[in-house]
Amino acid sequence: MTERASDAATACRVCRGAVTEFLDLGRQPLSDAFRDRADTGPEFFFRLAVGQCASCTMVQLMEEVPREAMFNDQYPYFSSGSAVMRKHFTETAQFFLETELTGPDPFAVEIGCNDGIMLQTISDAGVRHLGFEPSGSVARVARENGVSVRTDFFEESTAAEVRATHGPAAVVFAANTLCHIPYLDSIFRGLDVLLDDNGVFVFEDPYLGDIVQKTSFDQIYDEHFYLFSAHSVQNTAAEFGFELVDVARLGVHGGEVRYTLARAGKREPSAAVAAMLEEESERRLAEPETLREFAAAVGRIRDDLVSLLSDLRAQGKRVVAYGATAKSATVTNFCDIDTALVSHVCDSTPAKQERLSPGKHIPVLPSEAFSAPYPDYALLFAWNHADEIMAKEQEFRRGGGRWILYVPSVRVV
Ligand code: SAH
Ligand code: TYD
Ligand code: ZN
């Protein structure tokens, strides 16, 4: 890792190497900043562009949004909104209880515990735990569910305080959170202080391999600062005195990887690590050419989606969207989809309902509005929850309704 960026604005957040931009998704709002209908104040926008470090291969955003602008008392993403995710995290907690948390009086820490979807099971088992959760809205719910929460960002200083008061952690876990954190140097210094000598740091996040394969460009938004691969995670771990010792592919959220890190030299890396690194090399995942092809495919999806929605409008069809996801902020703002093409978005989250989507101001209505009456077409923004949503909305399709999907390509089903 010898290449250095000459200009600080394009220096890799992990290794200071040179970051080359490969995709510009334009002017974007905060993906989870739903607006009150009466709000006429200015909206925050930034340039959403993504690049890759020539040195450590890490794929990362070119611009960073201040963390307090995203994660605060208004944060509207509640993890427990999906039954599939509840099951996934109950199983994750049970796995930790059977593996890393079997010693005398073990201590588990979660970074980004949200509404307690994972830690609740650890708490119910009577195991010592602490969740870090800076967003007061969701931290409050975790606490109501019997989870111990510190309403704070995990970083070097807060980790050190917890080490001093609670002792070392056998496991630190983070789901869909590490990729939200640009300041990995501080995170790893915090892990170094907090983790037991033989402890593990386990995290799961959207996988670059799946994003490229599915052209799921909507995984790129303000909160997703990094798109990890086994290669970039291995290099990051090495940069901070850790080692990648296990990996596992996960089907949730459109394709993720669960990475296990230990202190360097402490655990034998599994065969799965070598296999994933090999597979990434074979498919040239870290090659600039692969990422340029991905960027070209993103442009084709935008053209196809806008052309389909425009045709349906010309035919007088009723089109609504389903799932006011953070991902959909990227889709609507990059493709310029507003109420002329999609009348409203249905979503089960009370904190998003009766508000307007970021940037394009599409009204968000409760799920019940979906059937009152059913539209002709539903644009599935929560495509990562397709099985769960299509199972509960079978009536829509039976009545002739059709889903519009845009990942991995635009199609009607
Ligand atoms: N783990 C949950 C929540 C993911 S959303 C799940 O997988 O569903 C990401 C969460 O990380 C948000 O609740 C956000 O408030 C939190 N977060 C962001 N930065 C953080 C930090 N530095 N430390 C701890 N939590 C953080
Ligand atoms: P999700 O795709 O999990 O995350 P992100 O916001 O990070 O892209 O968001 C799913 C959204 O869809 C969330 O607002 C809840 C909503 N939803 C429903 O309305 N109905 C459902 O059955 C499910 C599973 C989710
Ligand atoms: Zn780098």
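**Exercise 1.** Which residues are the closest to ligand 1, and how many surround it?

*Solution.* Before we start: this is a predicted model, where local features need pLDDT of at least 70, side-chain atom pairs count only at pLDDT 80 or more, and totals for chains, interfaces and linings use all residues. Residues are numbered from 1 along each chain as its sequence is written, chains are lettered from A and ligands numbered from 1 in the order written, and side-chain values use heavy atoms, without hydrogens and water.

Step 1: count the shell, taking residues with a heavy atom within 4 Å of the ligand. You get 20 residues, the closest being Ser-79, Glu-133, Ser-135, Phe-154 and Asn-176.

Step 2: look for polar contacts to the ligand (N or O pairs within 3.5 Å). A polar side-chain atom of Ser-79 sits 2.6 Å from a ligand oxygen, and a polar backbone atom of Gly-112 is 2.9 Å from a ligand nitrogen.

Step 3: check the cover, using Shrake-Rupley areas with a 1.4 Å probe. Alone, ligand 1 exposes 580 Å², and the protein buries 99% of that.

**Exercise 2.** Find the edge strands of the open sheet with the order 16-14-13-17-18-19.

*Solution.* Step 1: strands are DSSP E runs of at least two residues, and two of them pair if DSSP finds at least two bridges. This sheet has 6 strands with mixed pairing.

Step 2: read off the ends. Strand 16 (364-366) and strand 19 (411-412) each have a single partner strand, so one side of each lacks a neighbour in the sheet.

Step 3: zoom in on one edge. Strand 18 (residues 402-405) runs antiparallel to strand 19, with 2 bridges joining them; Leu-405 stands opposite Arg-411.

Conventions. Helix = DSSP H or I, 4+ residues; strand = E, 2+ residues; numbered from the N terminus. Polar contact = N/O pair within 3.5 Å; in protein donor to acceptor, adjacent residues only side chain to side chain.
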